[in-house]
Amino acid sequence: MFMMKVIHVSFITYLCLVSTFVDANEHIEKKISITFDDVPIHGEFALSPQSLANINHKILDTLKKYNIKATGFVNEGHLKDNAKLLQELLSAWQQHGHELGNHTFSHISYHQNDLNTYLTDIQKGAATTQIVLGKVKQKFFRPPYLHAGSTDEAQLMLDEGLHKLGLQLVPVTMENADYVFDAPYTNKLESKNLSEANTYKKQYLEFTERRLDFYESASAKMFDQPVPHILMLHVNQLNADSLDSILMSLQSRGYQFQSLEQTLQQPIYAQPTQAFKFGIHWLFRWDKSKDKKVNWASEPEPSQDEFAEHQQALTILKNGKL
Ligand SMILES: [Zn+2]
C-alpha cells in the first residue's frame with residue numbers, strides 16, 4: 001500500500017513536472033515584439049501630409065486588428081516643419097497603446113559623431129514626444145543605422161550615456177530590408193502603375209519570407225530554445241500596405257506577439273555583445289561574439305537589381321519628377 005502510494009505520488013509529481021515543463025516551453029515558445037523605426041515616417045523622400053496620416057493610421061489599424069502593442073522609435077526631425085502633424089501622429093500612436101521610443105532628432109550616426117553631440121541630439125529628439133507622453137517617461141532607444149558603437153569602449157560609453165537619460169538600447173533580431181523596397185513601390189503607386197505596385201509588393205513579401213526562414217533557422221542553430229525576437233520595420237507606404245500579410249505570416253509560423261518590455265526581460269538580451277563598425281542585427285552580433293554557428297554568407301540579401309531600382313526610384317521621388 002505504502003509503495004503504491006509512493007508510486008502514485010511520484011507519478012503525479014512526474015506529471016506535474018512534465019506539465020510544468022510543457023507550460024514553461026509553451027511560455028517561451030515563438031514570441032515576437034514588433035517595432036517600427038522612423039515614426040512617423042521613414043523620410044527618404046517627401047510625402048503629402050495626407051499620405052503621412054494615411055500611412056500611420058493604416059499601420060495603427062492593422063496593429064489593432066492583431067491586438068499588438070508595438071514600439072515606435074520616433075524621429076522628430078523628419079517632420080520638423082510640421083509640428084502640428086508630428087504631434088497629432090505621435091498622439092495617435094500613444095492613444096493606440098503603443099510605446100514611443102527615441103531614434104534621435106536628426107537621424108545621425110553614433111559612428112560619425114562624438115558622444116556628447118549624439119546624446120544632445122537624442123534629447124532634442126524627445127521634445128514633442130515628451131509632450132505627447134505627459135508624465136510617462138520614454139524608456140527605449142534604437143540607434144539609427146543600428147550604429148551602437150564601433151568599439152567595445154564606445155558601445156559601453158553609449159550604454160552609460162543612455163542609462164543617464166533613462167533609456168535602454170533596443171536590439172533587432174529580425175529585419176527585412178524594407179527600406180530598399182519602399183521607394184520603388186511608392187514610385188509605382190504614384191505613377192498609377194497599380195498592378196506593377198502589387199507585383200512588387202509580392203516580391204517584397206517573398207523576400208520577407210526568405211529572411212524569416214533564415215532567421216528562424218539561424219536562431220535554432222544558435223540557441224537551445226526559441227528566442228523571443230524583435231522585428232524591425234520602418235514606417236512607410238510599403239509597410240502600411242504589407243503589414244497585414246507580414247503579421248499573418250508571423251502568426252501562421254506560430255508566433256505570439258508580446259510587448260518589447262516582456263521580450264527584453266529574457267536573459268539573452270542581457271548578454272554582452274561584441275562591437276561592430278557596421279549596423280547589423282543582433283543575431284549576427286551574438287553569433288560572431290561566441291560560437292559562430294551560422295553561415296552568414298547565406299543570409300538572403302536584396303539583389304543588385306533591387307538595389308539599383310531603389311536608387312532610381314529614390315532619385316525620381318526626391319526630384320519630384322512625377
Ligand atoms: Zn531610422
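Exposed means over 50% relative accessible area, buried under 20%, and partly exposed in between. I keep that scale at hand for the entries below. The model I am reading is predicted.

**Entry 1. Helix 3.**
I started with K84. At 62% relative accessibility K84 is over the 50% cut-off, so I log K84 as exposed. K84 forms a salt bridge with E88, and the closest N and O atoms are 3.2 Å apart. I looked up E88 next: 43% relative accessibility, hence partly exposed. Both residues sit in helix 3, which runs over residues 83–95. They are 4 residues apart, about one turn of the helix.

**Entry 2. Helix 2 against helix 9.**
I searched the whole structure for salt bridges and got 15. One of them joins the side chains of K58 and D241, at 2.8 Å from N to O. K58 belongs to helix 2 (residues 49–65) and D241 to helix 9 (residues 237–252), so this pair ties together parts 183 residues apart in sequence. I checked accessibility on each side. K58 has a relative accessible area of 39% and is partly exposed. D241 has 16% and is buried.

K65 and D244 also meet through their side chains in a salt bridge, again with 2.8 Å from N to O. K65 is in helix 2 and D244 in helix 9, so I note another link between distant parts of the chain, 179 residues apart. K65 comes out exposed, at 55% relative accessibility. D244 is partly exposed, with a relative accessible area of 26%.

**Entry 3. A network.**
I also noted a network of salt bridges. It links K30, E209, D213, E216 and R253.

**Entry 4. The zinc ion.**
Which protein atoms are the donors of the zinc ion? I found D38 listed twice through OD, then H103 through NE2 and H107 through NE2. They lie 2.1 to 2.7 Å from the ion. Along the chain the donors follow the spacing D-x64-H-x3-H. D38 is in strand 1 (residues 31–39), and H107 is in the loop between strand 3 (99–102) and helix 4 (115–124), so D38 and H107 tie together parts that are 69 residues apart in sequence.

I then looked at the geometry. The angles among the 4 donor atoms run from 49 to 125 degrees. Four donors count as tetrahedral if all angles lie between 85 and 135 degrees. The value of 49 degrees falls outside that range, so tetrahedral is ruled out. I enter the site as irregular.

Are the donor residues D38 and H107 buried or exposed? D38 is buried, at 0% relative accessibility. H107 is buried as well, with a relative accessible area of 14%.

**Entry 5. K188.**
I found K188 in helix 7, residues 178–190. Its relative accessibility is 12%, which is under the 20% cut-off, so K188 counts as buried. What is K188 in contact with, leaving aside its neighbours within four places in sequence? I listed N193, E196, A197, Y200 and E309.

**Entry 6. The annotated stretch.**
I checked the record last. An unreviewed UniProt entry carries the annotation "domain: NodB homology" for residues 30–258. Over residues 30–258 I read 52% helix and 14% strand. The end C-alpha atoms of this stretch are 10 Å apart.

Key: Residues numbered from 1 in each chain as written. Predicted model: local features only at pLDDT ≥ 70, side-chain atom pairs only at ≥ 80, totals over all residues. Heavy atoms only, no water. Donors = N, O, S within 2.8 Å, 3.2 Å for Na, K, Ca; no water. Tetrahedral: all angles 85-135°; square planar, octahedral: opposite > 155°, others 65-115°. Helix = DSSP H or I, 4+ residues; strand = E, 2+ residues; numbered from the N terminus. Buried < 20%, exposed > 50% of the residue type's maximum accessible area, 1.4 Å probe, protein only. UniProt positions renumbered as here; feature names shortened; annotations may be inferred. Salt bridge = Lys/Arg side-chain N within 4 Å of Asp/Glu carboxyl O. Contact = heavy atoms within 4.5 Å.
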